[in-house]
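Trainee: Could you take me through one part of this model in close detail? I'd like to hear how the second helix and its surroundings are put together.

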Amino acid sequence: MGSARTFFFILFLSPLFAAPPPGMVSIPGGEYSRGRTFKWPDYDVKWYPNPAKDDLPVHKIIVDSFFMDEAEVTNQRYSAFVNATGHRAPYNWRDAKMPEGKEQYPVVDVSWDDATEFCKWEGKRLPTEAEWEHVARGTVEGAMYPWGDRKIASTDAVYNLVDGARPVCSKTKS
C-alpha cells in the first residue's frame, strides 16, 4: 500500500481556559507511561538494531493540555492550502489536482515538512511525539490498544482494508 500517512494538527493555545476552536477537541494534559508496556510477538528476535525495542524503557512523562483536530486532514482542506499558497501537491495527485471523488478522504503522501507548512497556514502546529502518544494511548494506562488489551475489531477502527482508505469521519465514533 506504500507509505500513505494521514495527519492531524494541533493548535497551541491555553486549552485549560478556552473552548476548543471549531473542528478541534481539548486534550487534557497529565502524566502517562511513555513507551511499550507489553511484548510484541517478535520481541525476542536477535537482530541489531532491534526495532521491537525502540520504545523502551517505559518512563513517566508529563504533557500540557492542548487542542487537536478532531479528524484527519481531508484532501479538500489540503487542496485549499495548495491552491492558496502554491505549495506542491502530494505526488500521487495527477497534474497536481486533487483526486476526483476523494475530497473527503484523508490526504496522504505528504512529508513532515509539507504537514508543518499546512499547519502554519492554518495557524496550528503538528503534535509533538509525546503529545501524539498521549492521545493514541487512550485512557487505559499500560494497555496494548486505546480500548484495552483485547484484539482489534472492525468497530474499533478502519484498518486492514484491501481497497484503501475511507472518507474522514465515515465511521461512527466510539
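Mentor: Here's a walk through that helix, then the core, and finally a buried arginine elsewhere in the chain. Keep in mind that this is a predicted model.

Let's start with H2, which runs over residues 112-122. At its start, a side-chain oxygen of Ser111 comes to within 3.3 Å of the backbone nitrogen of Asp113. Moving along the helix, you'll find Asp114, Ala115, Thr116, Phe118 and Cys119 buried. Helix H1 is included in what covers those buried residues. Once H2 is over, Gly123 follows, and its phi is positive, near 75°.

Now for the core. Phe118 belongs to the largest nonpolar core, a set of nine residues that also includes Val73, Tyr78, Phe81, Val82, Ala89, Trp93, Val107 and Val110. H1, residues 75-85, supplies the largest share of this core, with three residues. As a general backdrop, nonpolar side chains in soluble globular proteins tend to be buried together. Take Val82 from that core: leaving out residues up to four places away in sequence, Val82 touches His87, Arg88 and Ala89.

For a charged side chain, have a look at Arg34, which sits in strand E3, residues 30-34. Arg34 counts as buried because its relative accessibility is 15%, and the cut-off for buried is under 20%. Its side chain makes a polar contact of 3.3 Å with the side chain of Glu129. Beyond its neighbours within four places in sequence, Arg34 is also in contact with Pro57, Val58, His59, Ile61, Ala130, Glu133 and Arg137.

Key. Residues numbered from 1 in each chain as written. Predicted model: local features only at pLDDT ≥ 70, side-chain atom pairs only at ≥ 80, totals over all residues. Heavy atoms only, no water. Helix = DSSP H or I, 4+ residues; strand = E, 2+ residues; numbered from the N terminus. Buried < 20%, exposed > 50% of the residue type's maximum accessible area, 1.4 Å probe, protein only. Polar contact = N/O pair within 3.5 Å; in protein donor to acceptor, adjacent residues only side chain to side chain. Contact = heavy atoms within 4.5 Å. Core = buried A, V, L, I, M, F, W, Y, C linked by side-chain atoms within 4.5 Å.
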